[in-house]
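Please open the structure in a viewer and keep the selection panel at hand. The tour proceeds by selections, each followed by a description of what is found there.

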Amino acid sequence: MAKQYFDLFDDLYIPGRWHLERPLDERGQEIQTWLFDQGEPFHIEGRIRIPVNIPGKALDFSLLTSGPVPVVHARAAAIFAEMAPSDVQLIPVEVEGQAEPHFLLNITRVVKCIDDEASDEVRYVTPEHELPEQLGQYRSVIGLRIDPSKVGDAQVFRTWGWLAMIVSEDIKAALDRIGVTGTKFTWVTGPSSVSPEERARSRKWRELLDTAEAARDATWRTLGNLDKAVTTPIAMNDSWPAHRQIWRVIRREGGRILIVSHGLSDPFYERRVPSVGFGLELALETDVAVKNVLKGWPLLLLERVADEVAGHEHVRERVKAGLLSMEVSGKRLPKALVTGEGRVGVLLGVESRSVPRHFSTPYGDVRLVTIKALLPPELAYLLEHGEQGQAELARRFTESGEAHLSHVRRRPTV
């Protein structure tokens, strides 16, 4: 009987669990987690510290929030050291608030063993994705299956071309036997769970999404340099048309960063026919230096506005019709933007010479809606003057030369 293997995940649904942040070296500098994706030993001088991003229940096995790198308690580390010494590197770390030893689990074995036919769906990086260093690797793998005959003696390994973390049934049994917390296993050997008919439907659905995505990316590239290095990961969100929430980051002249929603114009998942979804996308641009785009306030503000747009049809209709103001939570946003009530105001739909009002896709036209962050006096002006105030503010923003541009250090226009 063929050996059984399992994809090892971090169980994110444990109530009250902790979440661990990117590791820091002894100087307090962040260590780039992609260095642990290479399948090679990693060497660093001095101690490594792991901050706790969200306090909570400590787990024996956790993935860093910044990437799929495991941090394991000493008792879990002992299992890997004993049963897979040739497959892993255990790097001692200090976890904030923890006296007991922990380790970064660096998986140093990579095996080319994904079974394309047995997996539910695989997609590859092609020349159109402009990632020459990843050409031929997997862009996505759904319903992963591996070919056990290609694994050899590996007990723990990453799959070539796709960052899955696979363990043998013996490793799984050993971790389960001592009650290691935080682990979640998915079986990856055996036939696909998807019928040929389901696979065909899935392929057609994927083609619809790919067409919509390619059309949007073509537009984003006309606006600047599409920064694939910081394109935000996909999050599942049922209020978005295809249930996937994605963002794109575009770098523009003068140090400006334009962040756009990338999925509000996807076809609807429930219908699975060509469409432009909600018929709009959102754009927020700033000329303020943002150290980490994925954690910066512009993306956070854009996300909150997008939640309102995606969740309420009457908001979408007003956004597509013209100017619209709204308020969102000011939590973790710059103090200069936050009102005394803890809110931040925005004005949607301010015209811009550098951002088009619409763009075309094979499924129809899409409205591109700008988001302008308001200072508290400007929000107060809008609340007092209504639609006339919106129009007046938009006029003043345009006359100032800033139009839709959002930044914190400026004087109110009222």
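The stops below visit a helix, a sheet and a hairpin.

The model is predicted: local features need pLDDT of at least 70, side-chain atom pairs count only at pLDDT 80 or more, and totals for chains, interfaces and linings use all residues. Residues are numbered from 1 along each chain as its sequence is written, and side-chain values use heavy atoms, with hydrogens and water left out.

Select first residues 169-177, helix H2, in which Ile171, Ala174 and Leu175 are buried (under 20% relative accessible area, with a 1.4 Å probe and protein chains only). These residues lie on the same side of H2 because they cover an arc of only 95° around the axis, taken from the directions from the helix axis to the C-beta atoms. Helices (H or I, at least four residues) and strands (E, at least two) are DSSP runs, numbered from the N terminus. Among the elements covering the buried residues of H2 are helix H1 (74-83) and strand E12 (156-159). After H2 comes Gly179, with a positive phi near 75°.

Next, display the open sheet of five strands, ordered E9-E12-E13-E1-E14 with mixed pairing; two strands pair if DSSP finds at least two bridges between them. Its edge strands are E9 (110-111) and E14, each pairing on one side only. E9 and E12 run parallel, joined by two bridges.

Finally, select strand E23 (residues 358-361): Phe359 and Thr361 form its covered face, His358 and Ser360 the uncovered one. A hairpin leads from E23 to E24 through two residues. The two strands run antiparallel, joined by four bridges, and Thr361 has Gly364 of E24 as its bridge partner.

Methods:
Buried means under 20% relative accessible area, exposed over 50%, partly exposed in between (1.4 Å probe, protein chains only). Contact means heavy atoms within 4.5 Å.
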